[in-house]
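Q: I'm new to this structure, and I'd love a close look at a single part of it. Could you pick one residue to start from and then follow the thread outward for me?

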Amino acid sequence: MGELKALREAVIKGDIAAAAAETKSALDGGQKPQQILNDGLISAMDEVGERFAKGLIFVPQMLRSAKTMKECVDLLQPYFKEGDVTSKGTVLIGTVKGDLHDIGKNLVSMMLEGAGFKIVDLGVDVSPETFVQKTREVKPDIVGMSALLSTTMPSMPKTIEALQDAGLRDAIKIIIGGAPVTERYAVEIRADAYASDAGSAVTKAKELIGIS
Ligand code: B12
């Protein structure tokens, strides 16, 4: 547990070298990757968010912590593969228009991939038009949308509407997530599912395509 405290602090400080070393040492010490992720990395980003909200740190520090987290997640990635990785279906995923946060989306993608889904990642700031165009092209089973800002959440219903107008809505399942997003919001905008974290995103995605 000592390593996780040190890892948390290194991520908050944005000290990439120290955080990578702590991640490796936690893995070598037998800590579960899921625990390192939740209690070390995600918990550190929550603290970073709180410090930012209080005006104690600013965007550059937040960005530095994000980069640090990414390096550590890369070290954990090989541990998140499930045994059977035959393709379970395709997920088209992106962070909605106006929103540049991608750590959560990338984690969800990584876990889904580890569980056997094929991922087509559209990146960040994805417009409803791009979601429509790529849905037409890729023909995914599931479309996933991420939003971290309350101001970009309305891009989700706009995207769903655009998919509906394009006649694509009935051929796909839609799952949404991101810190300000809720189950209730998912119901309100008629998404098919909501998940609060990457682990439950996998469970929900399997349910959506009937392989739970
Ligand atoms: C890192 C960070 C940044 C980085 C992002 C770097 C990157 N590459 O992503 C940078 C510095 C760029 C940034 C910028 C800004 N940020 Co910022 N940021 C954060 C911070 C600290 C952490 C986010 C994060 O990565 N969390 C860790 C991940 C693992 O968690 P997560 O994203 O929630 O994802 C999990 C779940 O939500 C879910 N999930 C996520 N996506 C999806 C998708 C699907 C389909 C599913 C099923 C599930 C799912 O699963 C994930 C894994 O478990 C948060 C604080 C916070 N606690 O959220 C603020 C925060 C989100 N930012 C905030 C703000 C205000 C901004 C800025 C406007 C600041 C500014 N003045 O410029 C800009 C906006 C830029 C833009 N247009 O997007 C506010 C938002 C307030 C609000 N409610 O709207 C927050 C909450 C900070 C705060 N407390 O004030 N930010």
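**Starting at one serine**

A: Let's begin with Ser127, which counts as buried because its relative accessibility is 14%; buried means under 20% relative accessible area, exposed over 50%, and partly exposed in between, using a 1.4 Å probe and protein chains only. Before going on, please keep in mind that this is a predicted model, in which local features need pLDDT of at least 70 and side-chain atom pairs count only at pLDDT 80 or more, while totals for chains, interfaces and linings use all residues. Residues are numbered from 1 along each chain as its sequence is written, and side-chain values use heavy atoms, with hydrogens and water left out.

You can find Ser127 in the loop that joins strand S2 (118–121) to helix H6 (128–138). Helices (H or I, at least four residues) and strands (E, at least two) are DSSP runs numbered from the N terminus. The side chain of Ser127 makes a polar contact, at 2.9 Å, with the side chain of Thr130. Such a contact is a pair of N or O atoms within 3.5 Å; within protein, one must be able to donate a hydrogen and the other to accept it, and residues adjacent in sequence count only if both atoms are side-chain atoms.

Now follow helix H6 along to Arg136, which lies in it. Arg136 is partly exposed, because its relative accessibility is 47%. Its C-alpha atom is separated by 8.9 Å from that of Ala166, 30 residues away along the chain.

Next comes Lys139, in the loop between H6 and S3. Most residues other than glycine have a negative phi. Lys139 is not a glycine, yet it has a positive phi of about 50 degrees. With a relative accessible area of 66%, Lys139 is exposed. Arg190 also has a positive phi, near 60 degrees, and is a residue other than glycine. You will meet Arg190 in the loop between helix H8 (183–188) and strand S5 (193–194), and it is exposed at a relative accessible area of 67%.

For a contrast, look at Arg169, in the loop between helix H7 (155–165) and S4. Here the relative accessibility is 9%, so Arg169 counts as buried. Arg169 and Val143 are 26 residues apart along the chain, and their C-alpha atoms are separated by 9.8 Å. Within helix H7 itself sits Ile160, which is buried at 6% relative accessibility. From Ile160 to Gln35, 125 residues apart along the chain, the C-alpha separation is 34 Å.

Now turn to helix H3 (residues 33–53). The expected span of a helix is 1.5 Å times one less than its number of residues, so the 21 residues of H3 should cover 30 Å, and the 29 Å between its end C-alpha atoms agrees. H3 bends by about 30 degrees at Ser43, the bend being the angle between axes fitted to the seven residues ending there and the seven starting there. Ser43 is also one of the buried residues of H3, a set including Ile36, Leu37, Gly40, Leu41 and Ala44. An α-helix has 3.6 residues a turn, so residues three or four places apart point the same way. After H3 comes Gly55, with a positive phi near 80 degrees.

H3 also leads us to the ligand, since it gives the largest share of the surrounding shell, seven residues. A polar backbone atom of Gly49 is 3.1 Å from a ligand nitrogen atom. Elements giving two or more residues to this shell are H3, helix H4 (59–76), H5, strand S3 (142–146), strand S4 (173–177) and helix H9 (198–208). Of the 37 residues around the ligand, Leu100, His101, Asp102, Ser146 and Ser150 come nearest; a residue counts if one of its heavy atoms lies within 4 Å.

His101 deserves a last stop. Its NE2 is the single protein donor to the ligand's cobalt atom, 2.3 Å away; donors are N, O and S atoms within 2.8 Å of the metal (3.2 Å for Na, K and Ca), and water is not among the atoms, so sites may look incomplete. You can locate His101 in the loop between strand S1 (90–95) and helix H5 (103–114).
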